[in-house]
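Reader: Hi! I'm new to reading protein structures, and I'd like a close look at one part of this one. Could you take me through how a pair of packed helices sits in it, along with the loop that follows?

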Amino acid sequence: MTRSSPRPLSSRPSVPRPAPTPRPLIGRSAEIEALTGWLAEAATGHGGVVLVEGEPGIGKSALLADCAQRARLLGYSVFAGTADEVAGQFPLWVVLGMLGSHAETGAPGSTSLVQDLAEGVPTSAVVDRAVDVVQGLCDRAPVVLVLDDLQLVDEAGLLLWQRLAAIADRLPLLLLAACRRAPARDGIERIRRGRAGRVAVLDLGALSVEDGAALVLTLSGTAKGLPPGRIEDAAGNPRYLTLLASAPPDAAGAVHRQVLESLAFLPSRTVQGLRTAALLGRDFSLSDLASASGRSVFQLAYEAQEAMALRLLVESGDRLAFRHALVHESLYLSVPAAVRVGLHRHTAHVLDRAQAPVTEVAPHLIRSPVDGWALDWVQEHAAMLCGYSPQLAVELLRHVLDHVADRSGRRPGLTAYLTAALCDRGDDAETESWARKLAGGGCDPELSLPGNRLLATVLARTGRVALAVELAARVARGLEHVDEPAMVGERVRLLALVARYGVGGDAPCDGGEADGRVGCAWAAPRALALTRCRCDLRERAEALRGAAAVQRARGRAVAALKCLDRAVAEVRNDPGQGAVQAVLLHDRVELLRALHRTARIEEDLVCLGELALRGIDPARAHLARATHRFRLGRWDEAKAELRKVTAEQVPVLRAQGVAAIIEIRHSSRRAVLSQDKQSAGAAVGGVYCLLARSAIAEWSGHRDQALSILETLLEPRWDPFEPRLEFLPTLARLAINSQRPDLAEGAAAVAARIAATDPTPEARSAADHCLGLVEECPAAVLRAVERYRPAGMRLHLARALEDVAVLSARAGQTDQARQAHREVAELYTAMEAVRDLQRVDARLRSFGVRRGSRAPRCRPDHGWAALSPAEVTVAKLVAEGLSNPEIAKELVLSPRTVQSHVSHILAKLGGRSRAEIAREVERNRG
């Protein structure tokens with residue numbers, strides 16, 4: 001029997017007038033719009049095939065039902081069905097059952113097709129007749145065939161679907177099917193890759209956090225009842241969000257059971273592999289899974305690929321990770337608690353025998369009983385673990401100390417390791433408490449010396465610098481005649497601490513010990529001399545860090561940079577020195593900022609981000625990235641980083657300062673810096689906290705108080721790595737406006753003196769900028785402008801251009817004033833610095849220089865212009881082919897944040913895939 005030719009379009013009836021459409025699904029407006037377009041094209045006689053794909057529970061069935069309802073409202077003939085494992089065992093059962101499922105709209109001849117099959121007519125002949133039946137239906141009205149779970153259809157049914165797909169583009173016929181990518185089937189792949197007909201694949205992605213919250217609100221009436229972060233645990237999966245929204249707060253077990261039931265379609269061996277993987281953590285390596293399960297990597301590879309195709313697992317660098325925290329949690333808790341403890345203990349043994357990194361063994365010991373083997377392992381690897389991941393070290397050491405008796409001889413040593421880990425993690429208050437106990441805990445120098453050193457470190461970090469330097473210097477002097485290697489190492493680190501915190505100010509550090517802080521330069525060369533006969537990387541790196549501080553205080557930035565470069569090189573190839581490397585990189589970022597070496601700053605920020613992903617000093621990594629983005633004028637990105645700075649005192653204070661400055665410039669009237677933060681000293685909060693306090697006072701109308709706060713910048717006792725120099729022009733400007741020329745001249749004198757001894761771009765720019773303000777010379781400020789431009793420092797560039805415009809207008813150079821005014825207005829508008837733009841317009845208006853009545857334009861809701869700077873950055877990385885985990889690693893963000901950004905980008909661009917984002921990036925590259 002031959003296949004009938006398609007009927008001419010002239011014999012087909014017109015489509016009835018559209019009726020009101022149903023309410024759109026949450027978060028699926030782009031997909032619904034695409035399907036609506038396919039329905040409209042099918043009515044004109046140009047149909048096609050649409051495959052809706054996605055992970056289990058992502059909403060494929062709901063989207064099919066929504067499209068079917070819309071088609072019925074349009075007057076189409078809709079035939080819907082769902083495949084399952086039982087029906088899939090009988091040829092054509094699902095498809096023919098779907099065609100005859102409704103008596104009032106059933107396909108003519110469908111009953112006889114079933115009879116033909118029962119009577120033994122060859123399947124190929126029945127397929128030909130079924131094609132004729134569908135073509136006959138198309139003569140009456142446009143037809144939509146909706147089939148859910150296409151992957152479960154029998155081979156003959158897939159053949160019929162392929163035959164219809166080949167002629168759908170010449171008929172008013174839309175074939176709409178939902179399917180999973182795994183397990184893969186050749187018939188579905190042929191449909192997906194088919195070029196004879198018109199085939200589209202709608203790959204349903206996860207709902208954004210906002211859409212997830214909206215769905216929960218719709219289902220439960222409130223989103224406040226869910227625990228913090230619970231919506232994110234569902235990773236944008238509507239089925240899991242529905243479970244969370246509908247379950248009572250105390251029904252977590254029922255939710256976990258239903259999550260496991262949603263995975264019942266997987267082979268039991270795959271589920272067992274995922275359960276074992278869940279014991280390894282949210283992310284894991286395939287080799288570790290092989291070791292823990294006793295199976296080979298090759299045996300696990302296929303199951304892992306299947307889970308990745310279903311998006312249960314995703315790539316996370318060179319590891320795999322559960323995409324849904326809820327799935328990981330459900331699989332983990334499905335193992336009885338007593339069994340979990342034993343498995344964790346066994347896994348720790350297996351990984352240790354396989355010489356896995358300590359960061360992979362430690363999490364299992366945290367969940368295991370503390371026995372003799374565990375104590376031996378912790379004591380042997382504690383120092384290495386503290387260097388790899390202070391956060392993990394703190395958790396493990398606390399767990400062990402909770403189970404070690406006071407009379408145990410191991411407890412004091414483990415306490416010392418815990419104190420060091422707390423210090424590296426930045427928990428200053430708790431570190432100080434433990435360090436004082438160690439320092440005064442007896443005559444054992446192996447405990448009292450590190451206790452004193454850690455105590456001095458915390459004192460310096462929290463603003464009590466004089467006490468810190470005095471303590472460290474006194475203890476170091478007591479070790480002058482001690483030759484024991486461990487004691488020599490402690491002396492090196494104490495001397496390095498004295499050099500790091502004991503120098504500062506503008507005077508050269510050439511004196512002896514009697515000269516106080518300035519004279520502490522003696523400590524660095526002595527520390528370096530002691531390290532020449534030792535090979536301890538951490539001690540040498542800390543000595544070089546102290547030497548860099550001395551060179552920086554003497555105004556020798558390039559020499560200081562060489563010291564830091566050598567220090568970073570010492571520890572770069574030793575993963576156990578991650579905490580030291582983070583501190584060195586942070587110092588180098590601040591030094592490179594003074595040298596205006598933006599490209600190298602970005603490289604070091606990436607390294608800090610990689611360390612943060614390992615749990616090493618994440619707060620300071622986020623703060624370093626935020627302050628750099630702040631200088632570049634990328635304030636949306638800066639605020640995103642600042643929101644991640646938590647727990648540690650110093651980073652929190654400085655983050656509060658930067659956030660306050662941004663909010664004030666955005667004309668926010670909320671309390672941007674709480675009273676306790678405003679009262680923090682500059683030694684703790686740093687320059688940004690100082691600037692924020694001054695800006696708040698100025699914004700509140702207290703100009704004298706604002707100037708008094710900034711006057712602190714002239715004091716000579718600042719940390720040499722603090723960025724106070726670049727903000728001296730702010731002090732000079734405020735002093736001139738407050739009729740205090742003495743302070744303005746003081747700022748210019750400090751900047752000029754530093755620039756004379758250390759002519760870095762930062763120092764020269766600050767000196768020229770201050771000189772131009774004091775002498776009312778726009779040409780001097782223009783020299784600073786030309787240094788700010790190549791460095792990309794939009795904030796400083798804008799303030800310098802503002803001063804050029806005002807000084808030029810005052811000197812009668814109207815053309816130059818207008819040109820500078822236009823450029824600074826563009827910069828402030830791009831940064832959305834509302835208050836700055838209002839101020840510059842007001843200052844120039846008094847000189848008759850205007851740019852017209854313009855205000856910062858708000859971003860539109862849709863299109864490329866609607867993207868925030870952070871979203872533009874993510875879009876560009878998507879266009880480069882980076883995955884979400886790779887983007888998260890590059891930008892030091894969480895994968896969830898990146899996923900949220902991608903979802904917002906797609907919504908604003910009206911796109912459905914990452915390829916469309918790449919096309920928009922290319923279109924707007926200019």
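Author: Happy to! One definition will help us: a residue counts as buried under 20% relative accessible area, as exposed over 50%, and as partly exposed in between. Please also keep in mind that this is a predicted model.

Let's start with the whole protein. The secondary structure comes to 46 helices and eight strands, and 55% of the 926 residues are buried. Among contacts between residues at least 6 apart in sequence, 67% join residues at least 24 apart.

Now for the close look. Two packed helices are described by the angle between their axes and the distance between the axes. For helix 36 (residues 728-737) and helix 38, the angle is about 10° and the axes lie 9 Å apart. Angles under 35 degrees count as roughly parallel, so helix 36 and helix 38 are roughly parallel to each other. On the helix 36 side, the residues that meet the partner are L728, P729, A732, R733 and I736. Across from them, helix 38 brings A766, H769, C770, L773 and V774. Sorted by kind, the residues of this contact are eight nonpolar, one polar and one charged.

L728 is worth following a little further. In the largest nonpolar core, which has 73 residues, L728 is one of those that touch the most other members, together with F630, L713 and Y828. Helix 40 (residues 794-810) gives the most to this core, with ten residues. Another core lies apart from it, with 68 residues, including V469, A499, L592 and I616. L713 also leads us back to our helix pair: leaving aside residues up to four places away in sequence, L713 touches L728, and also V687, L690, W718, R724, F727 and L731.

Next comes the loop. E776 is found between helix 38 (761-775) and helix 39 (778-791). Most residues other than glycine have a negative phi. E776 has a phi near 55°, a positive value in a residue other than glycine. Is E776 buried or exposed? Its relative accessible area is 48%, which means E776 is partly exposed.

For a companion case, look at A235, in the loop between helix 9 (230-233) and helix 10 (238-246). A235 is not a glycine either, and its phi is a positive value near 55°. Its relative accessibility is 16%, so A235 counts as buried.

Conventions: Residues numbered from 1 in each chain as written. Predicted model: local features only at pLDDT ≥ 70, side-chain atom pairs only at ≥ 80, totals over all residues. Heavy atoms only, no water. Helix = DSSP H or I, 4+ residues; strand = E, 2+ residues; numbered from the N terminus. Buried < 20%, exposed > 50% of the residue type's maximum accessible area, 1.4 Å probe, protein only. Contact = heavy atoms within 4.5 Å. Core = buried A, V, L, I, M, F, W, Y, C linked by side-chain atoms within 4.5 Å. Axes fitted to C-alpha atoms, helices over the stretch in contact; angles between N-to-C directions. Parallel < 35°, antiparallel > 145°, perpendicular 65-115°, else oblique. Nonpolar A, V, L, I, M, F, W, Y, C, P; charged D, E, K, R; others polar.
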